[in-house]
Every structure is written in C-alpha cells, then in structure tokens.
Amino acid sequence: MNIKKIAAVYSLVLGSGIILFWMYLLLDGFVPEINTKPTEILFHLIAEFTTAIFLFISSVFMYENFKGGTYLNLTSMGMLFYSLIQTPGYFFQIGESLVASIFLICLLVGIVIYSIILIKEITFSNP
C-alpha cells in the first residue's frame with residue numbers, strides 16, 4: 001500500500017473517530033460547556049464536525065486518486081493538526097493524561113505520514 005493510500009485510511013479513521021468521540025461525549029453528558037459556554041462549544045463543535053467531514057471526503061478523493069484529492073486532504077489535515085495541538089491541553093488540564101496522550105500520538109503519526117507525502121510531492125514535482 002502506498003503512502004497516499006495509508007494517508008487516506010488514516011484520514012478516514014480520524015474523521016470517523018472525531019464524529020464517534022463527540023457523539024459519545026454529547027450523548028453521555030460529558031460536555032458541561034453546553035450549559036456554561038453554549039456559544040463557544042457550538043462553534044467548537046462546528047469546527048470539529050467540519051474537520052471530520054473534510055477528512056472523510058478528502059480520504060475518499062485521495063484513495064480513489066481523484067484530481068486534487070491530495071491537496072484537499074492536506075488542507076483537511078491542517079484543520080486536524082490544529083485540533084490535535086489544541087485539544088490535549090484541555091484534557092491535560094482536567095487530568096485526562098491518557099486521552100491527551102492519544103491525541104498527541106495521532107498528531108505525531110500524522111506529521112510523519114504527511115511529511116513523507118510532502119517530500120515526495122516536492123521531489124517529484126521539481127525537475
């Protein structure tokens with residue numbers, strides 16, 4: 001399996017994971033900000049679900065080698081990286097080190113995968 005297929009699967013898994021994670025938190029009442037900071041959490045959820053949708057769509061485009069799929073996927077990964085950098089701080093602050101560590105591992109894996117893609121794109125696109 002080539003690196004772009006791996007990246008597509010990675011994006012699909014993380015995009016699906018975002019949706020499942022938030023559905024779990026929301027349905028089980030683990031989001032107290034709904035009552036204390038409703039506007040802030042609404043905008044945060046919009047950002048998270050938008051990222052998940054971009055990851056899902058771009059993973060299909062990239063896996064199927066649709067034109068622009070790699071670039072759309074790189075854009076969605078930028079959205080994801082922001083979340084994976086910001087979110088661990090919240091979980092470390094509330095004492096959930098394991099959850100925070102999982103986010104950081106996802107970030108590191110993503111950085112490795114997308115560094116390889118960028119190096120290949122730069123190497124093969126320049127004469």
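This report describes the nonpolar core, helix α3 and two buried residues of the structure shown above. The model is a predicted one.

**The nonpolar core**

The largest nonpolar core holds 26 residues, and the members that touch the most other members are Y10, L84 and Y114. Two or more residues of this core come from each of α1 (3–27), α3 (38–63), α4 (69–93) and α5 (97–125). Helix α1 gives the largest share, namely 8 residues. In soluble globular proteins, nonpolar side chains tend to be buried together.

The surroundings of Y10 can be listed in detail. Once residues up to four places away in sequence are set aside, Y10 touches M77, L84, C106, L107, V109, G110, I113 and Y114. Both L84 and Y114, which rank with Y10 for touching the most other core members, are thus among the residues that Y10 itself touches.

**Helix α3**

Helix α3 has 26 residues, which at 1.5 Å a residue should span 38 Å; the C-alpha atoms at its ends are 37 Å apart, so the expected and modelled values agree. Its buried residues are I41, L45, E48, T51, A52, L55, S58, S59 and M62. After α3 comes N65, which has a positive phi, near 60°.

**F103 and T87**

F103 lies in helix α5, whereas T87 lies in helix α4. Both fall under the 20% limit for a buried residue, as the table shows.

| Residue | Relative accessible area | State |
|---|---|---|
| F103 | 16% | buried |
| T87 | 9% | buried |

Leaving out neighbours within four places in sequence, F103 is in contact with F21, L84, T87, P88 and F91. L84 therefore appears in the contacts of F103 as well as in those of Y10, given that contact means heavy atoms within 4.5 Å. F103 and V9 are separated by 94 residues in sequence, and their C-alpha atoms are 17 Å apart in space.

Which residues does T87 touch, not counting those up to four places away in sequence? They are E48 and F103. E48 is one of the buried residues of α3, and F103 belongs to α5; T87, itself in α4, touches both.

The side chain of T87 also takes part in polar pairings. It reaches the backbone oxygen of S83 at 2.7 Å. A further polar contact joins the side chain of T87 to the side chain of Q86, at 3.5 Å.

Definitions and conventions. Residues are numbered from 1 along each chain as its sequence is written. This is a predicted model: local features need pLDDT of at least 70, side-chain atom pairs count only at pLDDT 80 or more; totals for chains, interfaces and linings use all residues. Side-chain values use heavy atoms; hydrogens and water are left out. A nonpolar core is a set of buried Ala, Val, Leu, Ile, Met, Phe, Trp, Tyr and Cys residues joined through side-chain atoms within 4.5 Å. Buried means under 20% relative accessible area, exposed over 50%, partly exposed in between (1.4 Å probe, protein chains only). Helices (H or I, at least four residues) and strands (E, at least two) are DSSP runs, numbered from the N terminus. The expected span of a helix is 1.5 Å times one less than its number of residues. A polar contact is a pair of N or O atoms within 3.5 Å; within protein, one must be able to donate a hydrogen and the other to accept it, and residues adjacent in sequence count only if both atoms are side-chain atoms.
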